[in-house]
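Biologist: I am new to this structure and would like a close look at a single part of it. Please choose a part that can be followed from the chain as a whole down to individual side chains, and then set it beside other places in the model.

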Amino acid sequence: MAKLGLLLLLVIFFTPSSCCPDDQKNALLQLKTALIRSTVNTSSDVFIFDMDSWEPGSDCCAWERVMCSSSPDSRAVIALFLDTLVSMDLTNPIVVPTSVLMPLFGIRTLMLLDISSNMIQGEIPGDRLANLSKLVHLDMMGNKFSGSIPPQVFHLRYLKYLDMSNNVLGGNLSHEVASLRSLMTLRLDQNLLGGSIPEEVGSLKELQELSLGSNHFNGGIPASVSSLKELKTLDLRDNLLSMGIPSMIGKLTNLTNLVLVGNRLSGGIPSSIQKLEKLETLNLEKNMLDGEIPLWLFNMKGLKNLLLGRNNLTWNGNAKSLAPKFQLSKLSLSSCRLAGEIPSWISTQKGLDLLDLSKNQLEGTFPLWLAEMELGGIVLSDNKLSGSLPPSLFDSLNLSALALSRNNFSGELPENIGEATEIMILMLASNQFSGEIPKSISKIYRLLLLDLSKNRFSGSSFPVFGDALLAYVDISSNEFSGEVPTTFCQETRYLALGNNKFSGSLPRNLTRLSMLEHLQLNDNNITGELPSFLSQISTLQVLILRNNSLGGSITDNIFNLSSLQILDVSNNNLTGEVPKNIGKLLGMIETPNTFSSSGELFSFRVEYDDLIVNWKSSKQGLSHNSLSIYSLLDLSRNRLSGEIPTSLGELKGLKLLNMSYNGLTGKIPSSFGDLESVESLDLSHNRLSGTIPPTFSRLKEISTLDLSNNLLEGKIPLGGQMDTMADPSSYANNSGLCGMQIRIPCSDDKPPPGAVEEQEDDADGKWFLWEGAGIGYSVGFFLTVGILYLSGYVSPVVPRKVGRTQRRRRV
């Protein structure tokens with residue numbers, strides 16, 4: 001609206017001119033040339049929009065994206081609308097350097113400059129930007145500007161609108177911001193700004209919008225904010241702000257939007273908020289607020305969005321006959337200790353679009369009145385609701401998200417589920433649903449995410465999702481049978497079919513899923529050979545096939561999967577040697593952050609089940625949101641033979657390598673010392689021989705090591721983390737290992753002849769030496785700690801209990 005208002009102002013006072021100054025025309029032509037040069041040598045398909053009219057022989061005042069003044073003395077350029085100049089392939093984005101902007105900084109008559117959404121990268125040239133001293137409107141959002149905000153920005157004293165959001169700007173927000181006394185809109189959200197919000201923001205008396213969300217601001221909300229009498233929007237979401245919400249905030253009588261979600265704010269909801277009679281959105285979600293939810297909130301007639309979930313707030317159990325004076329569009333009372341049935345007063349909210357009552361103690365069945373309210377999003381996950389779903393729920397043409405995971409719902413899904421064609425998210429995991437999936441579900445053409453995991457669904461035929469845009473499918477942990485289904489759409493990226501009763505060989509039709517990134521087929525009855533055609537799914541990042549009956553060898557071409565970061569084929573019947581080119585798994589050399597998530601597409605947070613892996617001798621869950629930092633290779637419990645390929649040492653990104661319970665022979669490659677990221681290494685229960693390579697001392701991240709039940713001999717390497725790998729069971733049942741870690745001295749550790757008196761029992765002598773060393777070390781250590789404690793340098797710390805838990809998806 002601010003941009004539109006300024007544009008109207010310019011149209012009223014200025015009319016397009018027949019000519020413009022030559023120096024300004026040349027500057028614009030230089031910009032066009034620089035932009036073309038910066039994109040010409042890229043592999044992406046790049047298009048530059050609306051600059052065809054920019055030709056030397058024409059008047060620049062008639063060019064698209066350009067506006068000039070009507071001054072009789074000089075037809076000067078006063079506005080440039082250069083947003084979204086470049087269109088590109090976002091999977092292979094280009095870099096537009098800040099140098100392309102240099103010609104613009106000579107056009108000193110500019111009052112409006114919009115260069116948003118152009119992927120411009122680099123620091124903002126503050127000394128050149130200072131030339132544009134007449135700027136009233138500056139929009140730089142949606143680029144990749146880095147560094148700090150240059151101080152010259154705060155000297156543009158005519159600025160009314162400043163948008164630098166969605167960049168990578170860092171540092172602190174300068175106290176000089178107080179110089180922008182004409183500013184009405186300040187948007188700095190989605191950057192890397194930190195420190196405290198300066199008190200000087202209270203000097204911006206004309207400010208109507210202050211958006212500092214999604215940064216790293218800390219400390220409290222400055223009290224000076226209460227001086228911003230014209231403020232309509234205060235958005236401080238997703239920072240590190242702490243302490244309480246200032247009671248002075250009640251002085252912002254023009255405030256319509258108060259968004260403080262995603263901070264560390266504590267205390268109660270201040271009663272002064274009820275003075276904000278124009279307030280439409282109150283979003284306090286995901287903080288540390290406590291106390292009862294005040295009933296006066298329900299008397300605020302203007303409220304449209306009330307979002308209080310994921311705090312420590314408590315619902316007033318006596319408030320059963322509420323008669324709210326507002327009509328809400330969004331309501332979130334997640335984690336507010338609601339008990340009993342779903343509150344009936346919600347039925348009075350005729351315009352409600354989103355309802356989130358997840359993580360409470362709600363009981364009873366799904367209310368028929370709720371099914372007929374035509375909501376857009378219903379989130380009731382993590383309650384104690386039961387019974388079947390009313391068919392009328394799926395008569396809605398508004399329903400876009402239905403999340404009912406982790407309740408006690410049962411019965412079959414209604415046959416008319418496919419009538420709700422607008423559903424984008426359907427999450428019904430961890431209930432007691434049974435029967436077959438209704439065929440009509442394939443009619444939901446907008447369906448992006450389908451999670452039916454951990455139920456009792458059965459059947460051997462599946463709906464054909466040919467026309468859907470289904471990106472995420474999880475039907476794991478059910479009772480499906482028959483052949484592995486492939487009736488999903490080509491856009492499917494995540495496919496979890498594990499813990500069912502699928503049988504037969506892997507179908508070649510899987511290669512039709514050309515965008516597949518995650519394939520999970522563990523714990524089924526799949527037979528046949530590990531197919532080589534899997535290498536054709538070049539987008540695969542995660543492949544989980546453990547606990548099946550796959551046979552044959554691991555073919556060379558499976559390692560052509562250059563994006564593969566997690567491969568688990570453990571507990572099958574694979575035979576033959578490990579391919580020598582295993583070191584070509586590029587995704588395990590480096591682990592780039594390429595995992596995609598659908599969670600940010602929706603108005604509530606979507607989280608996925610953890611990926612269960614055999615991690616450090618036990619099953620553990622890896623968060624789906626952080627899979628990008630993991631690289632795992634598990635070939636354990638097969639019948640692999642031959643030597644371990646030396647090229648394995650090239651997989652520097654590996655965090656876990658498990659080759660246990662096979663028939664591997666030969667020596668451990670010295671190249672294993674190059675596995676700089678490995679935290680867990682298990683080569684146990686093979687027939688490996690020779691010594692443990694001295695290069696193991698270079699494994700800086702190793703915390704779990706198992707070399708037991710082999711034919712290893714010689715000295716266990718010392719140095720680095722190997723000094724802490726002192727669990728004797730990690731080396732048990734080998735041919736002749738020795739070393740400090742297992743308290744068995746090696747031959748080269750013996751004292752020279754004549755250095756000690758005659759020993760009656762050589763073995764007892766060795767044991768004594770090692771025991772003495774251990775006792776001496778312990779006494780010296782505790783004596784040192786005791787002295788430091790008495791000197792005040794060390795204080796006792798009570799150890800925290802560490803529980804092993806398995807994380808679950810939360811919606």
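Modeller: In this predicted model, buried residues make up 53% of the 811 residues in the protein. The chain is built with five helices and 55 strands, and, among contacts with a separation of 6 or more, 52% are between residues 24 or more positions apart.

The part I would look at closely is helix 2, together with the enclosed space beside some of its side chains. Helix 2 covers residues 22–40, and because each of its 19 residues should add 1.5 Å by the usual rule, with a span of 27 Å expected, the 27 Å between its end C-alpha atoms agrees with that expectation. Along helix 2, the buried residues are Gln-24, Lys-25, Ala-27, Leu-28, Leu-29, Leu-31, Lys-32, Leu-35, Ser-38 and Thr-39. In reading such a list it helps to remember that an α-helix has 3.6 residues a turn, so residues three or four places apart point the same way. Among the names to follow along helix 2 with this in mind are Leu-28, Leu-31, Leu-35 and Ser-38. The cover over these buried residues includes strand 1 (47–48), strand 2 (66–68), strand 3 (77–81), strand 4 (86–87) and strand 5 (96–97).

Two of the buried residues of helix 2, Leu-31 and Leu-35, also belong to the lining of the largest cavity. Rolling a probe the size of a water molecule over the atoms shows where empty space is left. Four cavities of 30 Å³ or more are found in this way, and the largest of them has a volume of about 80 Å³. Besides Leu-31 and Leu-35, its lining consists of Leu-82, Leu-85, Val-86, Val-96, Val-100, Leu-101, Leu-104, Ile-115, Asn-118 and Ile-120. Val-86 falls within strand 4 and Val-96 within strand 5, so that strands which help to cover helix 2 also supply lining residues. By class, this lining holds 11 nonpolar residues, one polar residue and no charged residues.

A useful comparison is the second largest cavity, with a volume of about 50 Å³. Its lining is formed by Ile-221, Pro-222, Ala-223, Val-225, Ser-226, Pro-246, Met-248, Ile-249 and Leu-252, and here the classes come to eight nonpolar residues, one polar residue and no charged residues.

Since charged residues are absent from both linings, it is worth turning to places where charged side chains do pair. Side chains of opposite charge can pair when their charged atoms come close. The model has 14 salt bridges. In one of them, Asp-382 and Arg-406 meet with 2.7 Å from N to O. That pair links distant parts of the chain, 24 residues apart, with Asp-382 in the loop between strand 28 and strand 29 (386–387) and Arg-406 in the loop between strand 30 (401–403) and strand 31 (408–411). Asp-382 counts as buried because its relative accessible area of 14% is under 20%, and Arg-406, at 7%, is buried too.

Another salt bridge joins Asp-674 to Arg-698, again with 2.7 Å from N to O. Asp-674 lies in the loop between strand 50 (663–666) and strand 51 (680–682) and Arg-698 in the loop between strand 52 (687–690) and strand 53 (704–706), so this pair ties together parts that are 24 residues apart in sequence. Both partners are partly exposed, Asp-674 with a relative accessible area of 27% and Arg-698 with 40%. Elsewhere, Asp-163, Arg-187 and Glu-209 are joined into one network by salt bridges that share partners. In a further pair, Glu-436 and Lys-439, the closest N and O atoms are 3.9 Å apart; Glu-436 is partly exposed at 42%, as is Lys-439 at 42%.

Finally, two loop residues deserve a look for their backbone. Glu-374, in the loop between helix 4 (368–371) and strand 28 (377–379), has a phi near 60°, a positive value in a residue other than glycine, and it is partly exposed at 37% relative accessibility. Asn-499, in the loop between strand 38 (494–496) and strand 39 (501–504), likewise has a positive phi, near 55°, and is partly exposed with a relative accessible area of 37%.

Methods:
Residues numbered from 1 in each chain as written. Predicted model: local features only at pLDDT ≥ 70, side-chain atom pairs only at ≥ 80, totals over all residues. Heavy atoms only, no water. 1 Å grid on protein atoms, 1.4 Å probe; cavity = no way out; pocket = protein on both sides within 12 Å on 5 of 7 lines; lining within 4 Å. Points joined across faces, edges and corners; volume = space filled by probe spheres on them. Nonpolar A, V, L, I, M, F, W, Y, C, P; charged D, E, K, R; others polar. Helix = DSSP H or I, 4+ residues; strand = E, 2+ residues; numbered from the N terminus. Buried < 20%, exposed > 50% of the residue type's maximum accessible area, 1.4 Å probe, protein only. Salt bridge = Lys/Arg side-chain N within 4 Å of Asp/Glu carboxyl O. Expected span 1.5 Å × (residues − 1). Contact = heavy atoms within 4.5 Å.
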